[in-house]
Amino acid sequence: MVTDGAVTARVLVAADKFKGSLTAVQVAERVTAGLRRVVPDVRVETLPVADGGDGTVAAAVAAGFERREVRVTGPLGDPVTAAYAVRGTTAVVEMAEASGLQHLPDGVFAPLTATTYGSGELLLAAVEAGARTIVFGVGGSATTDGGAGMLAALGARFLDVDGKPVGPGGGGLADLAEADLSGLDPRFAGIDLVLASDVDNPLTGPKGAPEVYGRQKGATEADIATLDAALAHYASLLGPAQADLPGAGAAGGIGYGALVALGARFRPGIEVMLDVLGFAPALDRATFVITGEGSLDAQTLHGKAPAGVAAAARAAGVDVVAVCGRLTLSPEALAGAGIRRAYALLDLEPDPAVCMAEAGALLERAAESIARDFLV
């Protein structure tokens, strides 16, 4: 690290959440506390980040967006409270807020019937709040309905051979005979809808939404086959070509619905969020960057927040280290991603349960080590 000493170091803490332990805001607070325990006058700027998945709205709010709440339809059909963020004419909408796994009771899944209807209601709320650009973060979904529920909330009709609405969820799409998009809310024609995701899977097939992500939503092997066939049938009516576009399979195929019917454009979630959150000017002010997330592993290298932060910092010639709960990447892999060193909480407390329970205190200890290694 190039610096004139600890007093002139300008540290930017740009980390994602530690899922199940700490929010991105809490990570930033704990890292800052640990740094200042060793170097009391170090200058620290915090910019909690997200890659489009759960925590995206919270990161936007921490960056100065206004949090708004609205009652929408949850994945099981019951009402839930969901939040979105708005600043000027830009809104950040997180589909998990309406249709995420967090809205399911413990041990309860609905792989065939969970709906994205509430995500459509959440997008509609953002439009009614005056948004002209919507960053639509997709991830953490409980659903595999190809975005049909979302589109239904915006005025589309999905009918069976008798002209009746098909059932909710991906399973109901097996009965689809007519997809009528003529009633879609016309305001969306003038909206710049950015599909922000850290995955680029197609809708169906060996790398599609049901096969890759269905099991974590409670789908059996039979369910996966049913969903894959139903989504393929759905796409045959709406637009087969878009089913293979990057991001079509994101969040149980909600990406496909946004791409084929709402004119969305796909961008890697971390790139979008770094732009929205103002990362570039914050990086210009920094001489050292600390990033991180709960698990630094092979997935990190494929569009997760720490990889995006590290790539941008490396391009600017700024050193980066990372904090994490669990580390499975080799030093060579970290270096290839632009991360000089990673500090894992499991190295401090090897019991995973204790490590998660005491993540905040352990993270402060890790930050103390960073300060001694790089700032003193």
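Two strands pair if DSSP finds at least two bridges between them. The exercises below apply this to a predicted model.

**Exercise 1. The hairpins of S3, S4 and S5**

Task: Find how many bridges join S4 to strand S5, and in which sense the two run, parallel or antiparallel.

Solution.
- Step 1. Strand S5 covers residues 90–94, and 4 bridges join S4 to this strand. The cut-off of at least two bridges is met, so the two strands count as paired.
- Step 2. S4 and S5 run antiparallel. Arg87 stands opposite Thr90 of S5.
- Step 3. The two strands form a hairpin with 2 residues between them. In the turn, Gly88 has a positive phi of about 65 degrees.

Task: Describe how strand S3 and strand S4 pair.

Solution.
- Step 1. S3 spans residues 66–73 and S4 spans residues 79–87; their pairing is antiparallel, over 8 bridges.
- Step 2. Thr73 is placed opposite Pro79 in S4.
- Step 3. This is a hairpin too, with 5 residues between S3 and S4. Gly77, in its turn, has a positive phi of about 100 degrees.

**Exercise 2. The parallel sheet**

Task: Give the order of the strands in the open sheet of 5 strands, and name its edge strands.

Solution.
- Step 1. The order is S2-S1-S11-S12-S13, with parallel pairing.
- Step 2. Strand S2 (43–46) and strand S13 (341–344) are the edges, since each pairs on one side only.
- Step 3. From one strand to the next, the twist averages 25 degrees.
- Step 4. Within the sheet, S11 (residues 288–296) and S12 (residues 319–327) pair in the parallel sense over 8 bridges. Val289 stands opposite Val320 in S12.

Task: State which strands helix H1 and helix H12 touch where they pack on this sheet.

Solution.
- Step 1. Helix H1 (residues 24–38) touches strand S1 (10–13), S2, S11 and S12. The direction of H1 makes about 175 degrees with that of S2.
- Step 2. Helix H12 (residues 305–315) touches S11 and S12. The direction of H12 makes about 160 degrees with that of S11.
- Step 3. Angles over 145 degrees count as roughly antiparallel. H1 is therefore roughly antiparallel to S2, and H12 is roughly antiparallel to S11.

**Exercise 3. Helices H8 and H9**

Task: Decide how H8 and H9 lie to each other, and which residues make the contact.

Solution.
- Step 1. H8 covers residues 221–238 and H9 covers residues 250–261; they pack at an angle of about 5 degrees, with their axes 11 Å apart.
- Step 2. Angles under 35 degrees count as roughly parallel. H8 and H9 are therefore roughly parallel to each other.
- Step 3. From H8 the contact uses Tyr234, Ala235 and Leu238, and from H9 it uses Tyr256, Gly257 and Val260.
- Step 4. Of these contact residues, 5 are nonpolar, 1 is polar and none is charged.

Task: Find how many residues of H9 are buried.

Solution.
- Step 1. The helix is mostly covered: 12 of its 12 residues are buried. Among them are Ile254, Tyr256, Leu259 and Val260.
- Step 2. After H9 comes Gly263, with a positive phi near 65 degrees.

**Exercise 4. Salt bridges**

Task: The structure holds 21 salt bridges. For the pair of Asp54 and Lys17, work out which parts of the chain are tied together.

Solution.
- Step 1. The side chains of Asp54 and Lys17 meet in a salt bridge of 3.7 Å, N to O.
- Step 2. Asp54 lies in the loop between S2 and helix H2 (56–62), and Lys17 in the loop between S1 and H1, so the pair ties together parts 37 residues apart in sequence.
- Step 3. Asp54 is partly exposed, with a relative accessible area of 22%. Lys17, at 17%, counts as buried, because the limit for buried is under 20%.

Task: Do the same for Glu128 and Arg187.

Solution.
- Step 1. In this salt bridge the closest N and O atoms are 3.7 Å apart.
- Step 2. Glu128 is in helix H4 (residues 117–128), and Arg187 is in the loop between strand S8 (178–180) and strand S9 (192–197); the two are 59 residues apart.
- Step 3. Glu128 is exposed, with a relative accessible area of 55%, whereas Arg187 is partly exposed at 38%.

Task: Name the residues linked in a network of salt bridges.

Solution. The network links Arg30, Arg37, Glu364, Glu368 and Arg372.

Terms used: Residues numbered from 1 in each chain as written. Predicted model: local features only at pLDDT ≥ 70, side-chain atom pairs only at ≥ 80, totals over all residues. Heavy atoms only, no water. Axes fitted to C-alpha atoms, helices over the stretch in contact; angles between N-to-C directions. Helix = DSSP H or I, 4+ residues; strand = E, 2+ residues; numbered from the N terminus. Parallel < 35°, antiparallel > 145°, perpendicular 65-115°, else oblique. Contact = heavy atoms within 4.5 Å. Nonpolar A, V, L, I, M, F, W, Y, C, P; charged D, E, K, R; others polar. Buried < 20%, exposed > 50% of the residue type's maximum accessible area, 1.4 Å probe, protein only. Salt bridge = Lys/Arg side-chain N within 4 Å of Asp/Glu carboxyl O.
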